[in-house]
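Notebook open, model loaded. Today I want to look up a few ring contacts and then one strand.

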2 protein chains.
Amino acid sequence: MVTIAIDAMGSDLGPKVSVEGAAKVSLTPGAPELVLVGDEAVLRRLLTVHEHDRAKIRIAHAARFVPQDAKPRAALDELPDASILRAAQIVQAGEADVLVSAGNTGAVTLACARTFTRLPGVARAALGAVYPTERRRGEKDDPFSLILDAGLTLDPSADDLVAFAVMGSAYAARISRHPRPRVALLSIGAEPTKGTPAVVEAHARLKELGCIEFIGNIEGMDIPKGTADVVVTAGFTGNIVLKMLEGVADTVMRLGRYAGDSSVRYKAGLALLAPAVKKLRKATDWQQYGGAPLLGFDHVCIKAHGRSTERAIGNAIKVAARAARSELVRSIREGLAELEPTERRAEP
Amino acid sequence: MVTIAIDAMGSDLGPKVSVEGAAKVSLTPGAPELVLVGDEAVLRRLLTVHEHDRAKIRIAHAARFVPQDAKPRAALDELPDASILRAAQIVQAGEADVLVSAGNTGAVTLACARTFTRLPGVARAALGAVYPTERRRGEKDDPFSLILDAGLTLDPSADDLVAFAVMGSAYAARISRHPRPRVALLSIGAEPTKGTPAVVEAHARLKELGCIEFIGNIEGMDIPKGTADVVVTAGFTGNIVLKMLEGVADTVMRLGRYAGDSSVRYKAGLALLAPAVKKLRKATDWQQYGGAPLLGFDHVCIKAHGRSTERAIGNAIKVAARAARSELVRSIREGLAELEPTERRAEP
């Protein structure tokens, strides 16, 4: 039976959304077991007001938590009993399979780095993010691509990028159920020689790899198209790309206005499009899709957005359960194992 | 009197667009003097069929040219008489003030690097690009921001980024006539500590600089807003950002379609918006705005897009003339002079 540990305290909207999300999931058929980690009194009180399956939910007490605006390192040093650390320890101890948190991103990733063990072949972890694309693919006719890193490893080496590609491919295959996800490097041209030295070196290595479907470099315009199922890039670039995408709907309205045609015709057109634009705005809020997977450790963490609603937390829990059931970590290990010769060659 | 040297041969559409663009400009009041560089017979034949001011245009012969698909280094080595090299030499010799080319970007930048002299305080040159924003600013109520580097210096140091900021500020002040352009670093958060080591170090230096209006870091969503008049970033990021923007109109149509509302209402809305979207698509083709300035040398080069029409070449010539008349290089020199103490401190 799969068990998910949920850091219930640190989100912008407080423990309410985590408890409500967990409660709803507990009532679904084949729901995983859930451990809500946080202030026992608070969580118990919240549970009483939300219908749930008592057999599926237990509470693990953590007296304190890391606020969203806290400095991660200092906060974790001062709060050894913080809910995020307790939740990570529960997973590390084998009492749960996957961690879910909507807390302070820096604290969540640091708590995982301090508690979990990095997988062989992984020098630096990656935070993935899914975003909507035109192209649909995979078993579920899924309109999302995965981009990693989303802002954790700002300036990865070629080794790091290769590891990101392998981890992202495994994630897309297991979670989005693409039989063989198309993996690309984000660069400034299709030619293998285009890009930073790290990108050029990673390109050469990825071409040699049998374990993933590497389609080469993609460029900026390919991102929204969904040319690749898995987009591999530095955390600095990935973060900027994702924030540009997040704002794309607003941007368009702005640029549309800039385009200058403020005639009645234009206003009427916008009015007719309003519902689609609203959907678009929702679709481009990438952080609502069940959260961002933290990859590279012997356990997976699904980082839900700080502003997550109870629905978003529910999605994050479902993704976490799928990660556990599909043995995501094992398939990442297997992929990374194929790298090791290359990695060794890369040693000075 | 200002003189512009035009590499007339290397564009995708051939010498016709350069000759036609130059001919049209020559007829405008206060037009600069123009030197068309390329195959004399070809250019003369084209000139005869386009009305122009004979007093304003002369031809400088160059037997050969660098094709768009050529490898820049090899091509320049094999073709010492290439039109781009000849045109750069004419500028270096003082027979013209500014260079304009729609040729092979790598060959144009390399020809400048081989022919011109780097300004003191500039380790690596930058290619700028203007893109449309919501915000309008400056004397001309200009809806464009300048982003640099656009893809020439992929991985700049802190020194390079600081120099880009100074050069971009001078360009925006002289060409777009912003009294005091707002300069920002593109990063992953507003805090001075956010970003790669180079970005963090550049932020600290720029805060100390009196000669430019540094507003700090901006993020991905600020790019289309136009929060900054000058966006400073690595060429790798800048190239990806620009290509994402270039495709934004198509992207929207795609995402709009993805948003799923393919009802009659939606189709009708799109039909009504078609003219605005067409304008938007044009507006987001950043390479049409008179070309990209190559900054960092003792002479300016305006790199027009390879697919430039005769109108785009005309715009590039006008921008080049403005750069000469406003003494852009002198104001860049003055800005860079203020850096030198910092630069020296930066030496190991």
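I started with A:F116 and asked whether A:F116 is buried or exposed. A:F116 has a relative accessible area of 5%, and since the cut-off for buried is under 20%, I wrote it down as buried. This is a predicted model, so I keep in mind that every value here is computed from it.

Next I checked A:F297. A:F297 comes out at 6% relative accessibility and counts as buried too.

Then I looked for ring pairs. How many aromatic pairs are there over all chains? The count is two. In one of them A:F116 meets A:F297 edge-to-face, with 6.3 Å centre to centre and 65° between the planes. I then looked up where the two rings sit: A:F116 is in the loop between α5 (105-115) and β5 (126-137) of chain A, and A:F297 is in the loop between β10 (292-295) and β11 (301-303) of chain A. Those parts are 181 residues apart in sequence, so I noted the pair as a tie between them.

On to chain B. Is B:F116 buried or exposed? B:F116 is buried, at a relative accessible area of 5%, and B:F297 counts as buried at 6% relative accessibility. The ring centres of B:F116 and B:F297 lie 6.3 Å apart with the planes at 65°, so I logged this pair as edge-to-face. Here B:F116 is in the loop between α5 (105-115) and β5 (126-137) of chain B, while B:F297 is in the loop between β10 (292-295) and β11 (301-303) of chain B; the pair links distant parts of the chain, 181 residues apart.

New entry: strand β1 (residues 3-7) of chain A. Why did I put it down as largely enclosed by the rest of the structure? Because five of its five residues are buried. I went through the two faces as well: A:T3, A:A5 and A:D7 are buried on one side, and A:I4 and A:I6 are buried on the other.

Then I listed strand partners. β1(A) pairs with strand β2 (residues 33-38) of chain A in the parallel sense, over five bridges. β1(A) also runs parallel to strand β4 (residues 98-101) of chain A, joined to it by four bridges. Which residue of β4(A) is the bridge partner of A:D7? I found A:S101 there, and in β2(A) A:D7 stands opposite A:V37.

Last look-up, the connection: β1(A), helix α1 (residues 15-26) of chain A and β2(A) make a β-α-β unit, and I noted it as right-handed.

Conventions: Residues numbered from 1 in each chain as written. Chains lettered and ligands numbered in written order. Predicted model: local features only at pLDDT ≥ 70, side-chain atom pairs only at ≥ 80, totals over all residues. Heavy atoms only, no water. Phe/Tyr/Trp six-rings, centres within 6.5 Å; stacked < 30°, edge-to-face > 60°. Buried < 20%, exposed > 50% of the residue type's maximum accessible area, 1.4 Å probe, protein only. Pairing = 2+ DSSP bridges. Right-handed = clockwise from strand over helix to strand, strands pointing away.
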